[in-house]
Amino acid sequence: MSWSAALTKALPLLHTLERLGHEAVFVGGCVRDTLLGRALKDVDIATSAEPEAVIAAFPHTIPTGLQHGTVTVVHEKETYEVTTFRTESDYERFRRPTQVQFVKNLDADLMRRDFTMNSMAMRADGSIHDPFGGQRDLRGGLLRCVGDPDARLQEDALRIVRAVRFASGFNLRIAARTWRAIMRHRHLLAHIAMERIGLELDKMVGGSDPGRAAAYLAASGILSETKEALPRPLAEMSERYQARRKLRRGRSGETPAAAKAEAEEESRAMAAIQAIAELNGLEDRWAAVCCALGFRSGQAAELFEALRYSSVRTVQAAAAVAIHQTMVTRDSLNEDTRRNWIAQILRHGKPAAMQWLRVIEAVTALSPSSESGYADQLDEWLQGMQASTIKELAIKGNDLIALRQEPSGPWLGKLLGELLHAVALGELPNEKEALLRAAAIQRPVDEGEYT
Ligand code: ATP
Ligand code: MG
């Protein structure tokens, strides 16, 4: 195994603690990722030293979570979480422990961790301490709870979602007993804060295999168990998945036609979600997921709000879905499609329109048309727009006020909107003279008249 630069850089922290007579190891994700040859996100350290001793050992520390034993050590501009070996107890209502006890024993610390592959430690000499068979499970492609899965998932139900996230991100099967425990205890997700579900879903959507995550989410039905209900297409993913399974086994029950339609829709959505791995950006991927699941734009906003995502993200996703809803029926490249497309760009903005174009280019199943060059043509129309916001017009509100010799009022925004529309469609050049001429002959419109 080769030492990454990140581990080498953190090595002096282990040496310092060891020199003071403490035990200190790399632990968790950085050990797992080193064994797999993956890039490290962060380097976490576990030690027998208590927090005060850690603070005393280093010149620059931040008391991040003292009650849980975590001190952040700043070393050569990097930060490291150094956590005292601990056990946990008194899990409060199926989520995070209310009490931790500091212990001197590394194995006790590793035992409180969630999965075997996350419960390995690495010493300063590079040797791996792996009491629960994490390396064996990684070789066998298995995600397995440390110890009794029923107990572990009941202690902290977030582990149910983490299991799906890790299984999809690391291309692992979930061990049979762990899977059965997920199915038995998935209702406990009702105790987990929506924000934490949101963080996990972001990692699944942004991860290496979102299609696999979707398949696990559908098969487990865990998204119907969250504290706050998620929009129907997501919550019902598992019902559709079950319909497809039954159909495949020739047990479609009494309404084969309905079951067949559901099953087909499910396969289409799953295939589309698999293809989102082609997209680089997290937000592009989310927009594609919402389109693939057949969301209405209100549902995209509902989902993002439930997951406590920022309002910027919410607005963007809702816009991409709204564009999709409108454009999905415009499958031929004619004047009607062009006008609709430009109206969508004006309403939702260029960034949302460009995002939607990226989505249909990467996930061809979502494209309204199989015609080659469809997205290219829409892109050309978009790039050809002389203005897409009122700010970009070659005329200002004051020019129109002077022209009309009327005080500013609602008429002004409407007139600017009409001029923008005409410029965007290429019916007027974006030039001051032409715009003033057009504004002069335009009859002033009443409140109710312009729609
Ligand atoms: P990532 O690559 O996402 O950072 P990670 O394994 O480092 O993966 P973290 O959430 O950063 O995951 O947690 C660090 C370590 O803490 C994990 O490897 C695991 O050992 C332990 N851990 C984190 N969350 C839990 C939990 N809910 N239950 C048990 N152990 C946990
Ligand atoms: Mg981590």
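1. About 170 Å³ of space lies in the largest cavity of this predicted model. Of the 14 residues that form its lining, those closest to the centre are L201, V205, L217, W286 and V289. Three elements, α9, α10 (210–220) and α14, give two or more residues each to this lining, and α10 gives the most, with 4 residues.

2. The composition of that lining deserves a remark of its own, since by class the largest cavity is lined by 14 nonpolar residues, with no polar and no charged residues. As for its place in the chain, both domain 2 (143–228) and domain 3 (275–370) give residues to the lining, and the largest cavity therefore lies between these two domains. When cavities of 30 Å³ or more are counted, the total comes to 1.

3. For orientation, the domain assignment of the chain gives domain 1 (1–140), domain 2 (143–228), domain 3 (275–370) and domain 4 (390–441). Taken over C-alpha atoms, the centres of domain 2 and domain 4 are separated by 55 Å.

4. Turning from the cavity to the open spaces, the largest pocket has a volume of about 1400 Å³. Its lining is made up of 34 residues, and D44, E81, R112, R113 and R162 are the closest to its centre. Because domain 1 (1–140) and domain 2 (143–228) both give residues to the lining, the largest pocket lies between them.

5. Which elements supply at least two residues each to the lining of the largest pocket? They are the helices α2 (29–36), α7 (158–169) and α9 (194–206), together with the strands β2 (44–47), β3 (61–65), β5 (78–84), β6 (86–92) and β7 (95–102). The largest share, 5 residues, comes from α7. By class, the lining of this pocket divides into 7 nonpolar, 8 polar and 19 charged residues.

6. The second largest pocket has a volume of about 340 Å³, and it is lined by 18 residues, of which C291, A292, G294, H324 and L366 lie nearest its centre. Helices α13 (256–275), α14 (282–292) and α16 (311–327) each supply at least two residues of this lining, with the largest share, 4 residues, coming from α13. The lining of the second largest pocket holds 11 nonpolar, 4 polar and 3 charged residues.

7. At the level of single residues, T72 is a useful one to examine, and it lies in strand β4, which covers residues 70–75. Is T72 buried or exposed? Its relative accessibility is 9%, so T72 counts as buried, the cut-off for that class being under 20% relative accessible area. The side chains of T72 and T64 are joined by a polar contact of 2.3 Å. Leaving aside residues up to four places away in sequence, T72 touches H60, T61, I62, T64, T79, Y80 and E81; E81 is also listed among the residues closest to the centre of the largest pocket.

8. E52, by contrast with the buried T72, is exposed, with a relative accessible area of 56%, and the class of exposed residues begins over 50%. E52 belongs to helix α3, which spans residues 51–57. Its C-alpha atom and that of L66 are separated by 9.0 Å, the two residues being 14 residues apart along the chain.

How values were computed: Residues numbered from 1 in each chain as written. Chains lettered and ligands numbered in written order. Predicted model: local features only at pLDDT ≥ 70, side-chain atom pairs only at ≥ 80, totals over all residues. Heavy atoms only, no water. Buried < 20%, exposed > 50% of the residue type's maximum accessible area, 1.4 Å probe, protein only. Polar contact = N/O pair within 3.5 Å; in protein donor to acceptor, adjacent residues only side chain to side chain. Contact = heavy atoms within 4.5 Å. 1 Å grid on protein atoms, 1.4 Å probe; cavity = no way out; pocket = protein on both sides within 12 Å on 5 of 7 lines; lining within 4 Å. Points joined across faces, edges and corners; volume = space filled by probe spheres on them. Nonpolar A, V, L, I, M, F, W, Y, C, P; charged D, E, K, R; others polar. Domains from an automatic or database assignment.
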